[in-house]
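Here is my note on the model you sent. Please read the points with the structure open.

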Amino acid sequence: MLDELFALDEWGTWKDFVKEIKDAFSAADAAGDARAKLKVLKQTGTANEYIAEFKPKLVEKVLGVEKPLTTIKRDPNVMDVDRLSLEEREEHFKKGLCFECHKPGHRAADHKKGTVPEQKKYDFTSRKKAPRTGKETHLCIKAMIEALDEKEKEECMKKLEDEGF
């Protein structure tokens with residue numbers, strides 16, 4: 001190739017040169033090769049290892065495009081659970097909470113369908129139970145506080161302290 005370029009004394013553009021090199025050394029059927037590799041692909045590591053391997057390649061591709069992206073396109077059919085931490089997602093699964101409004105009794109897809117059930121409000125005035133003893137009340141309050149996360153516990157304790165408890 002270099003002999004040809006020296007003989008003609010016509011170098012062309014860098015873009016043309018890079019294209020010729022890529023054409024000369026790339027697979028004839030890159031898409032077919034990729035499909036064949038996918039058919040025999042087996043997972044050998046953890047999902048986190050694959051993600052760690054994938055991210056730098058993705059960043060490299062995004063930074064290497066001639067025309068940088070100006071918007072991020074979003075698939076409307078994809079569940080929007082990535083905005084929660086792993087702990088929050090686990091908590092939502094355990095408690096059966098909606099990933100959209102974080103309330104129980106339905107799923108995030110129900111919001112798109114418009115089929116979210118109306119939340120029933122508890123009527124504290126219609127309670128007919130006998131009053132709790134001091135010990136029962138103490139145990140009930142203790143259980144409620146233990147159910148809070150650390151931040152909520154701190155806020156609760158501060159409020160109780162401010163109120164003189």
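**Notes on the predicted model**

1. Start with helix α5. Glutamate 91 and lysine 95 both sit in this helix, four residues apart, about one turn of the helix. Their side chains meet in a salt bridge, at 2.9 Å from N to O. Glutamate 91 counts as partly exposed because its relative accessibility is 33%. The helix itself is hardly covered: one of its ten residues is buried. Glycine 96 follows α5 and has a positive phi, near 70 degrees.

2. Keep the status of the model in mind. This is a predicted model. The mean pLDDT of the chain is 77. Of its residues, 82% reach 70 or more. Helix α1 (residues 2-8) has the lowest confidence, at a mean of 74. Helix α8 (residues 150-162) has the highest, at 87.

3. Next, the overall build. The chain has eight helices and zero strands. Along the sequence the pattern reads α-α-α-α-α-α-α-α. The chain has 165 residues, and buried residues make up 7% of them.

4. How many salt bridges does the structure hold? It holds three. The α5 pair, glutamate 91 with lysine 95, is one of them. Side chains of opposite charge can pair when their charged atoms come close. Two further pairs, in α8, come next.

5. Lysine 153 forms a salt bridge with glutamate 150; their closest N and O atoms are 3.8 Å apart. Both residues lie in helix α8, three residues apart, about one turn of the helix. An α-helix has 3.6 residues a turn, so residues three or four places apart point the same way. Lysine 153 is partly exposed because its relative accessibility is 24%. Glutamate 150 is exposed, since its relative accessible area is 55%.

6. Aspartate 162 pairs with lysine 158 in a salt bridge, the closest N and O atoms being 3.4 Å apart. These two also lie in helix α8, four residues apart, about one turn of the helix. Both aspartate 162 and lysine 158 are exposed.

7. Now the cysteines. Why do cysteine 98 and cysteine 101 not form a disulfide? Their sulfurs are 3.9 Å apart, and each is the other's closest cysteine sulfur. A disulfide needs the two sulfur atoms within 2.5 Å, so this pair is too far apart for a bond. The disulfide count for the model is zero. Is cysteine 98 buried or exposed? Cysteine 98 is buried, because its relative accessibility is 1%. Cysteine 101 is partly exposed, at 26%.

8. Look at the histidines too. Histidine 106 is placed in the loop between α5 (86-95) and α6 (108-113). At 7% relative accessibility, histidine 106 falls under the 20% cut-off, so this residue counts as buried. The side chains of histidine 106 and histidine 111 are joined by a polar contact of 3.3 Å.

9. Last, the surface. Which residues form a nonpolar patch there? They are Leu2, Phe6 and Trp11, with about 360 Å² of accessible area together. Leucine 2 belongs to helix α1. With a relative accessible area of 52%, leucine 2 is over the 50% cut-off and therefore exposed. Read this point alongside the confidence of helix α1, which has a mean of 74.

Definitions and conventions
Residues are numbered from 1 along each chain as its sequence is written. This is a predicted model: local features need pLDDT of at least 70, side-chain atom pairs count only at pLDDT 80 or more; totals for chains, interfaces and linings use all residues. Side-chain values use heavy atoms; hydrogens and water are left out. Buried means under 20% relative accessible area, exposed over 50%, partly exposed in between (1.4 Å probe, protein chains only). A polar contact is a pair of N or O atoms within 3.5 Å; within protein, one must be able to donate a hydrogen and the other to accept it, and residues adjacent in sequence count only if both atoms are side-chain atoms. pLDDT is the predictor's confidence in each residue, from 0 to 100. Patches are made of residues with over 30% relative accessible area and no salt bridge: like charges are joined within 9 Å, nonpolar side chains (Val, Leu, Ile, Met, Phe, Trp, Tyr) within 5 Å. Accessible areas come from the Shrake-Rupley method with a 1.4 Å probe; for residues, only the protein chains shown count as cover. A salt bridge is a side-chain nitrogen of Lys or Arg within 4 Å of a carboxyl oxygen of Asp or Glu.
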